[in-house]
Amino acid sequence: MERCIHLLSAPSLRLRLKVLDVLELCVRVLSEKENELLPMAHRCWPALVQRLTADDPLAVLRAFRVLCTLGETCGDFLGRRVSKEILPKLCSSLEHHAPVSAKAGPVYTHTMAYKLQLAVLQGLGSLCQRLDLGEKDLDVVCDTCLLYLSCRQPIRLQEASMSVFRHLIQVDPDSVWFTLAELHCPSPYVPPHPDLHPVKLSGMGRPRDEYSDNVLKLLREEFDSEMVGESVG
């Protein structure tokens, strides 16, 4: 692993891809040896950030896979670094490509942009959960992934976005419930006592839209089904 680090910045894309594959394997091999793995993760971090934020999309895809593997093994050791250096770039990229994928036809699913969107969405939820990210970071991820709950998105991107929310619910269920209910809330919530003010949410009384089906699925699956009185079409 030590010998691979300087090759992460090699001019050859093919070599960088090979090195990222080797790096991922090394992380898995060292997963039970934290005293060796954490210093190595620290040393390779600057070069890995470059691959994640300023490289060919294929290298970004491989580098994200390495990041997810590091997240599995290093836990919150990487939390602050991911929060500061990686998460803003990933969310910005997802936001940038969301309107494109929402309007694209079936051919789009064969593009590298789509594959990168899918990979990031599929790994982002578990990464956030393992790294114990703060409330501000979770809000950013939540707001970004809401874009992919639209029924206009390719179906696999919708499914991957829902998986992110399922992970975020494990971390902060109240915040995620509020975010979803603000988008679409099918029924009013009556206070248990007349002295209490009625609960008012932006999603109450809102007509069904492109997000409604997936929001309602999440509310029904992850929260009290009796509080979600509208069937999903």
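The following questions and answers walk through the predicted model of this chain and its salt bridges.

Residues are numbered from 1 along each chain as its sequence is written, and side-chain values use heavy atoms, with hydrogens and water left out. As this is a predicted model, local features need pLDDT of at least 70 and side-chain atom pairs count only at pLDDT 80 or more, while totals for chains, interfaces and linings use all residues.

Trainee: What is the mean pLDDT of the chain?

Mentor: The term pLDDT stands for the predictor's confidence in each residue, from 0 to 100. In this chain 96% of the residues reach 70 or more, and the mean pLDDT is 88.

Trainee: Over which residues does pLDDT stay under 50?

Mentor: Where pLDDT is low, the predicted coordinates should not be read in detail. That caution applies to a stretch for which the model has 24 contacts beyond four places in sequence, a contact being heavy atoms within 4.5 Å. The stretch where pLDDT stays under 50 is residues 225-233.

Trainee: How much of residues 1-177 is helix?

Mentor: The UniProt record, an unreviewed entry, places the feature "domain: TTI1 C-terminal TPR" at these residues, 1-177, though such annotations may be inferred rather than shown by experiment. Helices (H or I, at least four residues) and strands (E, at least two) are DSSP runs, numbered from the N terminus. Over this range the end C-alpha atoms are 42 Å apart and strand makes up 0%, whereas the helix share is 76%.

Trainee: How many salt bridges does the count come to?

Mentor: A salt bridge is a side-chain nitrogen of Lys or Arg within 4 Å of a carboxyl oxygen of Asp or Glu. Asp21, Glu24, Arg28, Arg62, Arg65 and Glu72 are linked in a network of such bridges. By this rule the count comes to eleven.

Trainee: Is Arg51, which meets Asp55 in a salt bridge, buried or exposed?

Mentor: Buried means under 20% relative accessible area, exposed over 50%, and partly exposed in between (1.4 Å probe, protein chains only). The side chains of Arg51 and Asp55 meet at 2.4 Å, N to O, and Asp55 has 19% relative accessibility. Arg51 has a relative accessible area of 7%, so Arg51 is buried.

Trainee: Which residue forms a salt bridge with Glu210?

Mentor: Glu210 lies in the loop between helix 8 and helix 9 (212-222), and its partner in the loop between helix 6 (135-146) and helix 7, so the pair ties together parts that are 58 residues apart in sequence. Glu210 is partly exposed at 22%, while the partner is exposed at 55%. With the closest N and O atoms 3.5 Å apart, that partner is Arg152.
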